[in-house]
Amino acid sequence: MQPTHTPRKSRHRTLQALSGVLLALALALTGCSGAGSDDTDSGGDKAAAGPRDGGGRAADSRGGKQKPVAPTDTHVIRTARLTVRVEDVPAALDRARTAAEDAGGIVGSENTSRDGAGRERSRIVLRVPQDKYDDVLASLEGTGRLVDREAKAQDVTDQVVDVESRVASQRASVARVRELMDKATKLSDVVSLEGELSTRQADLEALLARQASLKDRTSMATITLSLAESPVRAEAKGDDDTSFLDALSGGWDAFVTMLRWVGVALAAVLPFLAVAALLVLLWLRVVRFRLARRPAPEGDDD
């Protein structure tokens with residue numbers, strides 16, 4: 001005889017089966033939604049970053065074109081020293097000032113003097129933007145005959161990055177000390193925190209000064225230009241231009257020059273001659289006086 005099922009048991013089994021289906025469906029939906037969100041996030045990150053090829057270039061998702069990745073900014077200090085011989089120093093100085101000012105630079109310092117021969121010398125320091133450095137340098141070299149050139153480039157990217165990181169850390173440190181001061185209730189704690197705050201602010205100011213110095217030296221190149229007048233060369237005259245009057249004039253100049261040197265020599269020796277003559281005169285007078293007082297020898301009458 002086959003077992004009979006009551007309607008109550010049938011409903012119970014139906015509810016259990018339906019609950020199992022609903023639970024499986026909920027789990028499936030949960031897994032799909034989690035996977036979808038992960039795929040969406042990863043896809044968004046990939047779209048933002050973009051795939052890279054072997055050359056380190058990112059592909060554009062819109063047109064598939066590859067764009068070069070921006071390289072890390074480099075910070076370089078550029079300095080140069082030039083020595084140029086010119087015929088007119090003031091004109092060359094004006095040209096150097098104009099070249100620097102047209103490039104957006106400034107004149108740092110300037111010094112002008114004259115040597116023993118009366119030739120003018122000038123030294124000028126120019127500060128020009130880094131992107132105009134080569135143009136200004138070429139312009140200055142063209143002011144005359146280049147005698148000497150020395151150019152240097154110092155990469156200080158590591159120093160700039162290090163200083164920026166230390167400035168950020170020091171600012172955060174100062175902020176933390178100020179927060180502690182706001183929460184302090186004891187006078188001793190306040191005094192101690194004030195001393196610590198002063199020390200950290202001084203360190204921060206030193207870092208900011210160094211940061212400003214690096215920024216100034218990396219944004220503006222320094223060019224030191226030395227200008228000197230070229231010596232004037234006398235034009236040589238040909239043998240055909242020499243005449244009797246020229247020879248006579250040259251001989252007379254030589255004779256006058258000789259007389260001048262003789263006069264100079266006599267003037268130098270004259271004091272010694274005067275002293276020597278005075279000594280000789282005194283010696284003769286003393287000898288004559290002694291000879292006159294000496295008695296005549298006996299036996300002269302015979």
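## The chain as a whole

Helices, counted when at least four residues long, and strands, counted from at least two, are DSSP runs numbered from the N terminus. Read along the sequence, this predicted model follows the pattern α-β-β-β-α-β-β-α-β-α-α-β-α. That comes to six helices and seven strands.

The chain has 302 residues, and buried residues make up 18% of them. About 23200 Å² of the chain is exposed. Carbon and sulfur atoms supply 56% of that area. Now take the contacts between residues at least 6 apart in sequence. Of these, 73% join residues at least 24 apart.

## Where Asp155 sits

Now zoom in on one residue. Asp155 belongs to strand 6, which covers residues 145-155.

Is Asp155 buried or exposed? Its relative accessibility is 54%. The cut-off for exposed is over 50%, so Asp155 counts as exposed.

## What Asp155 meets

Which residues does Asp155 contact, leaving aside its neighbours within four places in sequence? They are His75 and Val76.

Asp155 also has a side-chain partner close by in sequence: Thr157. A polar contact of 2.6 Å joins the two side chains.

Thr218 lies further along the chain, 63 residues from Asp155. The C-alpha atoms of Asp155 and Thr218 are separated by 9.1 Å.

## Asp155 in brief

Asp155 is an exposed residue in strand 6. Asp155 is in contact with His75 and Val76, and its side chain makes a polar contact with that of Thr157.

Conventions
Residues numbered from 1 in each chain as written. Predicted model: local features only at pLDDT ≥ 70, side-chain atom pairs only at ≥ 80, totals over all residues. Heavy atoms only, no water. Buried < 20%, exposed > 50% of the residue type's maximum accessible area, 1.4 Å probe, protein only. Contact = heavy atoms within 4.5 Å. Polar contact = N/O pair within 3.5 Å; in protein donor to acceptor, adjacent residues only side chain to side chain. Areas by Shrake-Rupley, 256 points an atom, 1.4 Å probe, with all protein chains shown as cover.
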